[in-house]
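Biologist: Please take one part of this model and look at it closely. Which residues line the largest pocket, and how is the helix built that helps to line it?

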Amino acid sequence: SNLQSKLNAMGSEVATIAEAIATSDDVNIQREKFSELTAVMDSVLKNAISGGKIFKHYCPMAFEGKGDYWYSSSEQIRNPYYGDIMLKCGRVEETIQ
């Protein structure tokens, strides 16, 4: 698939970021790396979906009010930056089809 080809092409960057998330015990570092992963995935996901939808969500409060994004296969907000504290904080910024 087009998505798989793009991921394979940039696999080392995606893998490096994913490894940093998995190996860190510091939630703040994990959030920063998750933000990097989301940014990398932006160009990968656009024009690569052959079926279904991917939702780009936005939390205006992430990173001390700077705001940040994440992708989800669900339209329902489940905020990865604030978890249980503000699980539903955010909005759908874009739908990729």
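Modeller: A pocket is an open set of points, on a 1 Å grid over the protein atoms alone, where a 1.4 Å probe fits and protein lies on both sides within 12 Å along at least five of seven lines, and lining residues have an atom within 4 Å of a point. Its volume is the space filled by probe spheres set on the points, which are joined across faces, edges and corners. The model is predicted, so totals for linings use all residues, whereas local features need pLDDT of at least 70. Residues are numbered from 1 along each chain as its sequence is written.

The largest pocket holds about 180 Å³ of space, and its lining consists of Asn28, Arg31, Glu32, Ala62, Phe63, Glu64, Tyr81, Tyr82 and Ile85. With Ala, Ile, Phe and Tyr among the nonpolar residues, Glu and Arg among the charged, and Asn among the polar, this lining divides into five nonpolar, one polar and three charged residues.

Helices α3 and α4 (62–65), DSSP runs of H or I with at least four residues, numbered from the N terminus, each supply at least two residues of that lining. Helix α3 covers residues 27–45 and, with 19 residues, reaches 26 Å from its first C-alpha to its last, close to the expected 27 Å, which is 1.5 Å times one less than its number of residues. Within α3, Ser35, Leu37, Thr38, Val40, Met41, Val44 and Leu45 are buried, meaning under 20% relative accessible area with a 1.4 Å probe, protein chains only. After α3 comes Asn47, with a positive phi near 65°.

Conventions
Predicted model: local features only at pLDDT ≥ 70, side-chain atom pairs only at ≥ 80, totals over all residues. Heavy atoms only, no water. Buried < 20%, exposed > 50% of the residue type's maximum accessible area, 1.4 Å probe, protein only.
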